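Me: Could you take a close look at one part of this model for me, the pocket and what sits around it? I'd like one connected walk-through rather than a list.

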Amino acid sequence: MDISIISLLIGVPIVAAIIVSLLPSKRTELPIPVGVLLSLIPVAIAGWMFWEFQDTSAGIQFAEFLTLYEPWGIAWNVGVDGLSMPMVLITTILVPVAIGASSSITDRPKLFVTMILLLEAATLGVFVALDLIVFYVFFEFVLVPMTFLIGIWGSENRIYAAVKFFLYTAFGSLLMLGGIIALVLTASAGGSLSFAWQDLVGLGLPAD
């Protein structure tokens, strides 16, 4: 079960988002309760992980590794430690609370719940990613549902706020990507590339 538990944790909100998006548009009363119900599944998965988590161990737990693109050293490399495990659990708990607290949403509730569930999947991916490219993809994907949530259901000047949020964060993300690439190239020093956090965390960088 350890082999696929994190993939399952991320995949369930995506499947839930698809299910909600397929609900009849005329049944506006369905998205919120269906979304809450489906979002309880990740809570159960994260709760099991938290219960099984060995808090006496400093290593990565529930680790999964699958090579995605070997020439560049990119892999589906995910897992949790003592810092990310609580964040994963808190994220899954907050999602059904957020959906349930949004029962007053009458403007496109199906799209609203879909965006919340996709945001959950992306956020969980950020917390469990141990490959910096995987981390970057999830981090960027967070921008999509967040931009919709701000632009459609925000308050005054929501379109301006959504565009500003997207541009500022996207620009900062490009700088981060440049830093990631520079870090990996420095670590490889002409050898094989690796975006694995475990290979980069102890890297000694020159002052320049």
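**Salt bridges, then the pocket**

Reply: Let me start with the charges, then work inwards. Searching the whole structure turns up 2 salt bridges. One pairs Arg27 with Glu29, with 2.4 Å between the closest N and O atoms. Arg27 is partly exposed because its relative accessibility is 40%, and Glu29 is partly exposed too, at a relative accessible area of 43%. The other joins Asp107 to Arg108, where the closest N and O atoms are 3.2 Å apart. Here again we have partly exposed residues: Asp107 comes in at 36% relative accessibility, and Arg108 at 46%.

Now some context for the pocket. Keep in mind that this is a predicted model. The chain has 7 helices and 2 strands, and along the sequence they run α-α-β-β-α-α-α-α-α. Its C-alpha atoms fill a box of roughly 60 × 40 × 30 Å along the principal axes. Of the 208 residues, 40% count as buried. If you take the contacts with a separation of 6 or more, 66% of them are between residues 24 or more positions apart.

On to the part you asked about. The largest pocket has a volume of about 330 Å³. It is lined by 16 residues, and the closest to its centre are Ser84, Val126, Phe127, Ala129 and Leu130. Several elements give two or more residues to that lining: strand S2 (74-80), helix H3 (84-100), helix H4 (109-128), helix H5 (132-153) and helix H6 (158-188). As for chemistry, the lining splits into 13 nonpolar, 2 polar and 1 charged residues.

Two of those helices, H3 and H4, are listed among the contributors, so to speak, and a residue in helix H3 gives you a handle on the region: Met87. Met87 is partly exposed, since its relative accessible area is 34%. Its C-alpha lies 8.4 Å from that of Leu124, although the two residues are 37 apart in sequence.

Next, the loop between H4 and H5, which is where you'll find Asp131. This one is worth clicking on. Asp131 is buried but has no salt bridge, and the nearest side chain of opposite charge, Lys164, is 32 Å away. A salt bridge needs a nitrogen within 4 Å of a carboxyl oxygen, so Lys164 is out of the running for Asp131. What does Asp131 touch instead, once you leave aside its neighbours within four places in sequence? The contacts are Gly73, Ile74, Ala75, Asn77, Phe195 and Ala196. Ile74, Ala75 and Asn77 fall in the range of strand S2 (74-80), so that strand, by its DSSP run, supplies part of the surroundings of Asp131.

For a contrast, move along to the loop between H5 and H6, where Asn157 sits. Is Asn157 buried or exposed? Asn157 is exposed, because its relative accessible area is 59% and the cut-off for exposed is over 50%. From Asn157 to Ala170 you go 13 residues along the chain, and their C-alpha atoms are separated by 20 Å. So the two loops give you one residue of each kind: Asp131 is buried, whereas Asn157 is exposed at 59%.

How values were computed: Residues numbered from 1 in each chain as written. Predicted model: local features only at pLDDT ≥ 70, side-chain atom pairs only at ≥ 80, totals over all residues. Heavy atoms only, no water. 1 Å grid on protein atoms, 1.4 Å probe; cavity = no way out; pocket = protein on both sides within 12 Å on 5 of 7 lines; lining within 4 Å. Points joined across faces, edges and corners; volume = space filled by probe spheres on them. Helix = DSSP H or I, 4+ residues; strand = E, 2+ residues; numbered from the N terminus. Nonpolar A, V, L, I, M, F, W, Y, C, P; charged D, E, K, R; others polar. Buried < 20%, exposed > 50% of the residue type's maximum accessible area, 1.4 Å probe, protein only. Lys, Arg positive; Asp, Glu negative; His and termini not counted. Contact = heavy atoms within 4.5 Å.
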